[in-house]
Amino acid sequence: MNVQVTANYALRSDGTQFIVSQRKIVDPTKAPGYKAVEGVPAPELRERWDDVAYYPLNAVGLHVALDSVRVRSAVAAADSAETLAEFMADLSAETAELVAAINAAGSLDFTVKLGA
């Protein structure tokens, strides 16, 4: 499983746990040892996905993993928030976005037959 939950967060599993990954944009020119070479174009920005959290592979783990994405996204969006009300508005917006993404995925319709 490897599912992009938001633009900057993905949820995957290695079969034993849920793993939340965060997208980072890397600028090689900002690396400590980078030295520009005259006549050579600067390297392009690249995308990297870093694992930021691990949760148990069960219903509670899934719930907490998705909640973690929601709060992390709100904190990133609320860099300019100066009051609790502003942060709560950002958290509410992230919640609505995550709920819309989950609902857009559709419902899982299946039946289980017990016994033979």
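User: How many salt bridges does the count come to?

Analyst: It comes to 5 salt bridges. Keep in mind that this is a predicted model.

User: What makes aspartate 51 and arginine 12 a salt bridge?

Analyst: Set the distance against the cut-off. The rule asks for a side-chain nitrogen of Lys or Arg within 4 Å of a carboxyl oxygen of Asp or Glu. For the side chains of aspartate 51 and arginine 12, the N to O distance is 2.7 Å, so the pair passes that 4 Å test. The two residues come from distant parts of the chain: aspartate 51 sits in strand S4 and arginine 12 in strand S2, 39 residues apart.

User: Why is aspartate 51 called partly exposed?

Analyst: Its relative accessible area is 32%. Buried means under 20% and exposed means over 50%, so with 32% aspartate 51 falls in between. Arginine 12 is partly exposed as well, with 26%.

User: How do you know that arginine 23 and glutamate 47 form a salt bridge?

Analyst: Their closest N and O atoms are 3.4 Å apart, and the limit is 4 Å, so they qualify. Arginine 23 is in strand S3 and glutamate 47 in strand S4, so this pair ties together parts that are 24 residues apart in sequence. As for accessibility, arginine 23 has 26% and counts as partly exposed; glutamate 47, at 47%, counts as partly exposed too.

User: What about aspartate 50 and lysine 24: what is the N to O distance there?

Analyst: It is 3.9 Å. The cut-off is within 4 Å, so this one also counts as a salt bridge. Aspartate 50 belongs to S4 and lysine 24 to S3, so the pair ties together parts 26 residues apart in sequence. There's a network here, too: Lys24, Arg48 and Asp50 are linked by salt bridges.

User: Is aspartate 50 buried or exposed, and why?

Analyst: Buried. Its relative accessibility is 19%, and buried means under 20%, so it makes the cut. Lysine 24, with 32%, counts as partly exposed.

User: How do you know that S2 and S3 pair?

Analyst: Two strands pair if there are at least two bridges between them. Strand S2 (residues 9-13) and strand S3 (residues 17-26) have 5 bridges, in the antiparallel sense, so they pass. One example is alanine 10, whose bridge partner in S3 is serine 21. Arginine 12, from the salt bridge with aspartate 51, stands opposite isoleucine 19 in S3. S2 and S3 form a hairpin with 3 residues between them, and glycine 15 in the turn has a positive phi of about 95°.

User: Which other strands pair antiparallel with S3 or S2?

Analyst: S3 is joined to strand S4 (residues 46-56) by 10 bridges, running antiparallel; glutamine 17, for instance, has proline 56 as its bridge partner in S4. On S2, strand S1 (residues 2-4) pairs in the antiparallel sense over 3 bridges, with asparagine 2 opposite arginine 12. A hairpin joins S1 to S2 through 4 residues.

User: How do you know that the span of H1 is close to the expected one?

Analyst: Helix H1 (residues 59-77) reaches 27 Å from its first C-alpha to its last, and 27 Å is expected for its 19 residues at 1.5 Å a residue.

User: Which residues of H1 are buried, and what covers them?

Analyst: Gly61, Ala65, Ser68, Val69, Ser73 and Ala74 are buried. The cover includes S2, S3, S4 and helix H2 (84-104).

User: What makes asparagine 58 a cap for H1?

Analyst: A side-chain oxygen of asparagine 58 lies 3.1 Å from the backbone nitrogen of valine 60, at the N-terminal end of H1. A polar contact needs N or O atoms within 3.5 Å, so that distance fits.

Technical notes
Residues are numbered from 1 along each chain as its sequence is written. This is a predicted model: local features need pLDDT of at least 70, side-chain atom pairs count only at pLDDT 80 or more; totals for chains, interfaces and linings use all residues. Side-chain values use heavy atoms; hydrogens and water are left out. Buried means under 20% relative accessible area, exposed over 50%, partly exposed in between (1.4 Å probe, protein chains only). The expected span of a helix is 1.5 Å times one less than its number of residues. Contact means heavy atoms within 4.5 Å. A polar contact is a pair of N or O atoms within 3.5 Å; within protein, one must be able to donate a hydrogen and the other to accept it, and residues adjacent in sequence count only if both atoms are side-chain atoms.
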